[in-house]
Amino acid sequence: MFNFDEASHKSKEAMDTMLKNYSAVTKGFQAIAAEAADFSKKSFEDGVAHVEKLAGVKSIEAAVELQTSFVKSSFEKMVAEATKMSEMYAEVAKTAYAPYQNAMKQADVPAPQFNEAA
């Protein structure tokens, strides 16, 4: 026979789990947005400073050297930031998947294997 109390309890557990998970995922996306905004601000400030330095250069050779250094530095910073952001997105994905993984364990269903190297 159908037990309304048990169904109500299970429903409440599911809702609590969903809300906790939603909160954690939202915090993850907020952290990603803050990181992106900080990186954009810093990149803009670096670009302005570079243009100011470039305006004071007296020779073509010095300008080329300064520009080359700036581009190399910018590229390295961008690669580092992309790596950091991809790790943040992976954490959000793991957080979002956690309740499903727990439910699969309880149901004794094998969880899919993710390639960590990718």
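Here is a short chat about how some labels in this predicted model were reached.

Me: Happy to start with Leu19 in helix α1. Why is Leu19 called partly exposed?

Reply: Its relative accessible area is 48%. Buried means under 20% and exposed means over 50%, so Leu19, at 48%, falls in between and is called partly exposed.

Me: Thanks! What makes Leu19 part of a nonpolar patch on the surface?

Reply: A patch takes residues with over 30% relative accessible area. Leu19 has 48%, so Leu19 passes that cut-off. Leu19 forms the patch with Met15 and Met18, and together they have about 290 Å² of accessible area.

Me: Now for the inside. What makes up the largest nonpolar core?

Reply: Val25, Ile32, Met85, Met88 and Val92, 5 residues in all. Helices α1 (4–55) and α2 (60–106) each give two or more residues to this core, and α2 gives the most, with 3. Being in a nonpolar core requires being buried, so each of these residues has under 20% relative accessible area.

Me: Which residues does Met88 touch, leaving aside its neighbours within four places in sequence?

Reply: Met88 is in contact with Ala31, Ile32 and Glu35. Of these, Ile32 is also listed in the core.

Me: One more, please. How do you know that Asp46 and Lys77 share a polar contact?

Reply: Their side chains are joined at 3.0 Å. The cut-off for a polar contact is 3.5 Å, so this pair is within it. Asp46 sits in helix α1, and beyond its neighbours within four places in sequence, Asp46 is in contact with Phe70 as well as Lys77.

Key:
Residues are numbered from 1 along each chain as its sequence is written. This is a predicted model: local features need pLDDT of at least 70, side-chain atom pairs count only at pLDDT 80 or more; totals for chains, interfaces and linings use all residues. Side-chain values use heavy atoms; hydrogens and water are left out. A nonpolar core is a set of buried Ala, Val, Leu, Ile, Met, Phe, Trp, Tyr and Cys residues joined through side-chain atoms within 4.5 Å. Buried means under 20% relative accessible area, exposed over 50%, partly exposed in between (1.4 Å probe, protein chains only). Helices (H or I, at least four residues) and strands (E, at least two) are DSSP runs, numbered from the N terminus. Contact means heavy atoms within 4.5 Å. Patches are made of residues with over 30% relative accessible area and no salt bridge: like charges are joined within 9 Å, nonpolar side chains (Val, Leu, Ile, Met, Phe, Trp, Tyr) within 5 Å. Accessible areas come from the Shrake-Rupley method with a 1.4 Å probe; for residues, only the protein chains shown count as cover. A salt bridge is a side-chain nitrogen of Lys or Arg within 4 Å of a carboxyl oxygen of Asp or Glu. A polar contact is a pair of N or O atoms within 3.5 Å; within protein, one must be able to donate a hydrogen and the other to accept it, and residues adjacent in sequence count only if both atoms are side-chain atoms.
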